[in-house]
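The following exercises invite the student to read a protein model step by step. Each task is followed by a worked solution.

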Amino acid sequence: MQINEIFKSIQGEGPNFGKPAIFLRTAQCNLKCTWCDTKYTWDWKNYDYTKEVKEMTLEEIKERILDLEIKHLVITGGEPLLQQDDLADLLSFLKPDFYVEIETNCTILPNKMLTDLVDQWNVSPKTENSGNPLELYENDECYYFFANQENCFFKYVVENESDIPEIKKFVTKYNIPENRVQLMTQASTKEEISAREKSISELAKANNFLFSPRLHVAMWGAQRGK
C-alpha cells in the first residue's frame with residue numbers, strides 16, 4: 001500500500017473528538033482542494049513523492065498499528081478509498097478488536113467487504129470553496145449511499161457564510177439528517193482557527209447543524225504526525 005504516515009494521537013474532530021487513536025494516513029487523492037492541509041500526500045509538484053510515500057506490505061502496516069497499542073484506528077488521507085481493496089484485507093486482520101473510522105471525500109463508492117468492516121464513516125464532501133469543479137466533488141451515487149448509512153457523519157469545511165446555501169442544497173437533495181451534519185472551520189494554523197472558529201460555530205447553530213472543533217489544528221497547527 002502507499003502510506004504517508006502512521007502515528008498515535010487524539011481524534012481532533014467529529015463525533016469521537018478527544019479520543020486517543022491511531023492514524024493511518026494513506027497517500028494519493030483524486031481531488032485537489034486549494035486549502036488542503038495534507039497536500040504532502042498528493043501534490044507532487046511541491047512535495048517529493050520518494051520522501052512522502054512509503055510502499056508498505058499489509059503485514060508491515062499491521063505490525064506498526066499493533067505496536068502502538070490503541071484499539072481505535074482512524075484511516076485518513078489523501079483519499080483512502082483509492083486503496084479500498086487493500087484496506088479491506090487489512091481490516092479483516094484487525095477486526096473485531098479495533099474500532100475503525102474511515103475519512104473519505106464522498107466521491108468513491110466503498111465495496112461491501114470494506115463497508116461491513118467499518119464502524120464509522122467520516123464523510124467530508126467538498127463544496128465550491130475547495131477549488132474543485134462540481135462534476136468532480138458531487139457524486140450522486142456516493143451521496144445517496146452515505147446518506148443512508150446510519151454510522152456516517154458528514155463534515156463540511158466552511159470558510160464563511162457564503163458556503164451555507166450550497167451545503168443546505170446537498171443536505172436537502174440527498175435527505176441527509178441534520179443531526180449527522182457537522183460544520184468545521186477552514187483553517188490550517190492556530191491563528192486561523194482562533195480567528196474563524198466562533199463565527200463558524202454560530203453558523204452551525206443558526207442553521208441547525210452540528211459544529212465540530214478541530215482540536216489538532218488548535219493545538220498543533222500544521223505540525224505533522226500530531
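**Exercise 1.** Determine where Pro96 is placed and which residue is joined to Pro96 by a cis peptide bond.

*Solution.* Step 1: In this predicted model, Pro96 is placed in the loop between helix H3 (84-94) and strand E5 (99-104). Step 2: The partner is Lys95, and omega of this cis bond is about 5 degrees. Step 3: As a general rule, most peptide bonds are trans. Step 4: A cis bond also joins Gly77 and Gly78, with omega about 10 degrees. Gly78 belongs to the loop between E4 and H3.

**Exercise 2.** State the order of the strands in the open sheet, and identify the edge strands.

*Solution.* Step 1: The sheet contains nine strands, in the order E3-E1-E2-E4-E5-E6-E7-E8-E9, and its pairing is mixed. Step 2: Strand E3 (54-55) and strand E9 (210-211) are the edge strands, since each pairs on one side only. Step 3: In general, the strands of a sheet pair through backbone hydrogen bonds, either parallel or antiparallel.

**Exercise 3.** Describe how strand E2 pairs with E1 and with E4, and decide whether E2 is largely enclosed or not.

*Solution.* Step 1: Strand E1 (residues 2-10) pairs with E2 in the antiparallel sense, over seven bridges. Within this pair, Ile10 stands opposite Pro20 of E2. Step 2: With strand E4 (residues 72-76), E2 pairs in the parallel sense over four bridges. Here Ile22 stands opposite Leu73 of E4. Step 3: A residue is buried if its relative accessible area is under 20%. Six of the seven residues of E2 (residues 20-26) are buried, and therefore this strand is largely enclosed by the rest of the structure.

**Exercise 4.** Establish in which sense strands E6 and E7 run, and how many bridges join them. Then locate Asp116.

*Solution.* Step 1: Strand E6 (residues 120-123) and strand E7 (residues 152-158) run parallel, with three bridges between them. Step 2: Trp121 stands opposite Cys152 in E7. Step 3: Asp116 lies in the loop between helix H4 (112-115) and E6. Its relative accessible area is 54%, so Asp116 is exposed, the cut-off being over 50%. Step 4: Asp116 and Leu81 are 35 residues apart along the chain, and their C-alpha atoms are separated by 14 Å.

**Exercise 5.** Find the residues that form a patch of negative charge on the surface, and classify Glu63 by its accessibility.

*Solution.* Step 1: The patch gathers Glu59, Glu60, Glu63, Asp67 and Glu69. Step 2: Glu63 has its place in helix H2 (residues 58-67). Step 3: The relative accessibility of Glu63 is 42%, so this residue counts as partly exposed.

**Exercise 6.** Give the phi values of Asn175 and Asn208, and state whether Asn175 and Asn208 are buried or exposed.

*Solution.* Step 1: As a rule, most residues other than glycine have a negative phi. Step 2: Asn175 has a positive phi near 55 degrees. Asn175 is found in the loop between helix H7 (164-173) and strand E8 (181-185). Step 3: For Asn208, phi is also positive, at about 65 degrees. This residue, Asn208, lies in the loop between helix H8 (190-206) and E9. Step 4: With a relative accessibility of 65%, Asn175 counts as exposed. Asn208, at 53%, likewise counts as exposed.

Definitions and conventions:
Residues are numbered from 1 along each chain as its sequence is written. This is a predicted model: local features need pLDDT of at least 70, side-chain atom pairs count only at pLDDT 80 or more; totals for chains, interfaces and linings use all residues. Side-chain values use heavy atoms; hydrogens and water are left out. Buried means under 20% relative accessible area, exposed over 50%, partly exposed in between (1.4 Å probe, protein chains only). Helices (H or I, at least four residues) and strands (E, at least two) are DSSP runs, numbered from the N terminus. Two strands pair if DSSP finds at least two bridges between them. Patches are made of residues with over 30% relative accessible area and no salt bridge: like charges are joined within 9 Å, nonpolar side chains (Val, Leu, Ile, Met, Phe, Trp, Tyr) within 5 Å. Accessible areas come from the Shrake-Rupley method with a 1.4 Å probe; for residues, only the protein chains shown count as cover. A salt bridge is a side-chain nitrogen of Lys or Arg within 4 Å of a carboxyl oxygen of Asp or Glu. Lys and Arg count as positive and Asp and Glu as negative; His and the chain ends are not counted. The place of a charge is taken as NZ of Lys, CZ of Arg, CG of Asp or CD of Glu.
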